[in-house]
Amino acid sequence: MLNRRNLLKAAAGAGAVGLFPWGRVMASPSGNVAVLGDAATSAPFAHAMPMPPVLRPSSSTAAADTYHLRMAESSLEVVRGLRSTVRTYGGSLPGPTIHAVRGRTAVVHQTNGLAVDTAVHLHGGHVRSQDDGLPMDTIAPGATRTYTYPNQQRAALLWYHDHAHHLEAENVHMGLHGQYRITDEHELSLPLPKGRYDVPLVIRDARVEADGTFVYTRPSDCPHLLVNGKERPYFKVAARKYRLRVLSACVNRYLSLRFADGAEFTQIGGDGGLLDAPVTRTSMTVMGGERVDIVVDFSRYPVGSAVVLENTLAGSGERTEVLRFDIDRTAEDRSSVPGRLSVLPPVPRADVEREFVLRTYPQMTINDQLYDPARVDVRTTLGSSEIWTVKNVEPPVARPDFHVWHSFHTHLVNFRVLDRNGRGPGPDDAGLKDTVTLAPGDTVRLAMTWSGYTGSYLYHCHQLGHSSGGQMGRIDIVAP
Ligand SMILES: [Cu+2]
């Protein structure tokens with residue numbers, strides 16, 4: 001539903017692509033100009049939290065499962081009582097979750113039923129370059145592309161989302177994101193909460209106008225926070241332990257999540273799967289793309305009570321509530337969190353050191369260059385272990401200038417955070433990571449090994465408004 005009052009078709013060549021046109025009027029790369037009206041009222045806890053559907057294979061062999069997904073516009077209720085047109089994988093927001101098993105190949109046929117180009121990136125996936133969903137490897141409207149995911153990697157929560165050149169921020173914001181779980185025998189052998197007690201929480205911001213129009217605009221104009229596609233829902237839980245797989249699918253902002261009563265929770269995993277040992281925490285900062293795997297014990301609450309998950313970085317005038325857990329029953333609980341969760345691979349020792357400077361002004365650049373798909377920014381050798389020093393050189397400014405925060409994401413490989421601002425890695429940096437947050441002025445050092453595949457891949461800021469604007473680089477991995 002493109003409301004004429006709010007969305008005017010812009011003339012071609014709006015020239016906004018490289019610039020970063022945050023403002024009350026925003027030209028998007030696909031040529032729409034959004035003139036903001038009144039946002040729909042944000043009424044918390046008006047929806048039950050849905051579970052994203054699980055995608056069933058259309059066929060299976062002894063070694064592989066084949067899936068079909070179609071991208072299309074869908075009319076969904078995101079804010080209570082309003083219909084919004086969003087871009088979906090398979091008709092749902094978030095898209096259906098793919099449940100993959102380590103060692104079994106997943107073949108995903110993606111058909112583009114939208115009017116814009118798309119490219120599907122499996123974030124966290126160890127896949128061939130031609131299956132990575134690179135920005136120029138697009139699926140034209142009406143076309144189908146087949147992605148092959150070997151799933152030869154440890155159990156982890158991945159996600160698939162759009163990555164088409166200059167369009168990824170708008171496409172993801174408009175709904176093109178879904179979860180992709182890889183499990184393995186080791187994970188299944190642990191006594192962690194399973195089945196209905198292993199719950200996805202896909203959290204992201206949105207702006208829905210009072211007439212239901214779903215608009216892509218800057219984060220400070222996005223007052224609605226969605227969990228599994230519904231604005232600030234409630235979730236009925238039993239008084240027992242739950243595993244919650246938190247994914248921030250925010251395009252241009254970061255969240256700091258805590259329980260309103262300050263309750264502790266146990267972090268068991270991050271981007272690249274299980275940590276080596278559990279960590280007790282009371283809050284977590286997550287930026288778009290990051291995953292935090294936690295266990296929460298609701299047995300501390302009496303049946304009939306409730307506890308709210310809140311975002312302490314809500315903007316002025318914005319609600320802090322994210323999700324309300326209603327403890328409505330008791331249930332048997334034989335789950336536990338073992339003291340030893342997994343064995344992490346050794347921290348890579350560097351053969352090569354590189355430096356990356358992320359800048360906001362005058363343009364969104366890495367090492368003062370805008371992304372050029374024809375330019376190789378880093379050439380490395382298969383098997384090379386490297387230390388990357390990544391700096392956000394913007395000085396701290398008062399919120400809500402969210403955009404001076406950056407993040408850094410590598411395709412193909414996980415990294416370890418060696419240190420942050422000269423001190424040991426922070427609590428949000430634990431375990432195997434593929435996306436790391438950079439507050440203004442932050443410097444992180446990352447260690448990774450370029451393994452598995454040769455070919456072209458990417459690194460970029462995962463504030464997708466920034467990568468769309470050019471804060472992205474190309475890495476080519478060549479045979480030794
Ligand atoms: Cu950035």
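This text goes through the domains of a predicted model, the interface between two of them, and a copper site.

The domain assignment divides the chain into domain 1, residues 59-185, domain 2, residues 195-329, and domain 3, residues 352-478. Between domain 1 and domain 3, the C-alpha centres are 23 Å apart. The contact between these two involves 23 residues of domain 1 and 23 residues of domain 3.

The size of an interface is often given as the accessible area lost when the parts come together. For domain 1 and domain 3 that buried area is about 1,700 Å², with 61% coming from carbon and sulfur atoms. On the domain 1 side, His 123, His 126 and Glu 168 account for 27% of the area buried against domain 3, more than any other three residues. As for polar interactions, 17 residue pairs are in polar contact between domain 1 and domain 3, counting pairs with both residues at pLDDT 80 or more. The number of salt bridges found across this interface is 0.

The copper ion is bound by four protein donors: ND1 of His 406, SG of Cys 461, ND1 of His 466 and OE1 of Gln 471. Their distances from the copper ion run from 2.0 to 2.2 Å. Along the chain, the donors are spaced as H-x54-C-x4-H-x4-Q. What geometry does the site of the copper ion have? The angles among the 4 donor atoms span 94 to 132°. The site is classed as tetrahedral because all of its angles lie between 85 and 135 degrees. Of the donor residues, His 466 and Gln 471 are both buried.

Note on methods:
Residues numbered from 1 in each chain as written. Predicted model: local features only at pLDDT ≥ 70, side-chain atom pairs only at ≥ 80, totals over all residues. Heavy atoms only, no water. Donors = N, O, S within 2.8 Å, 3.2 Å for Na, K, Ca; no water. Tetrahedral: all angles 85-135°; square planar, octahedral: opposite > 155°, others 65-115°. Buried < 20%, exposed > 50% of the residue type's maximum accessible area, 1.4 Å probe, protein only. Domains from an automatic or database assignment. Contact = heavy atoms within 4.5 Å. Buried area = accessible area lost by both parts, 1.4 Å probe. Salt bridge = Lys/Arg side-chain N within 4 Å of Asp/Glu carboxyl O. Polar contact = N/O pair within 3.5 Å; in protein donor to acceptor, adjacent residues only side chain to side chain.
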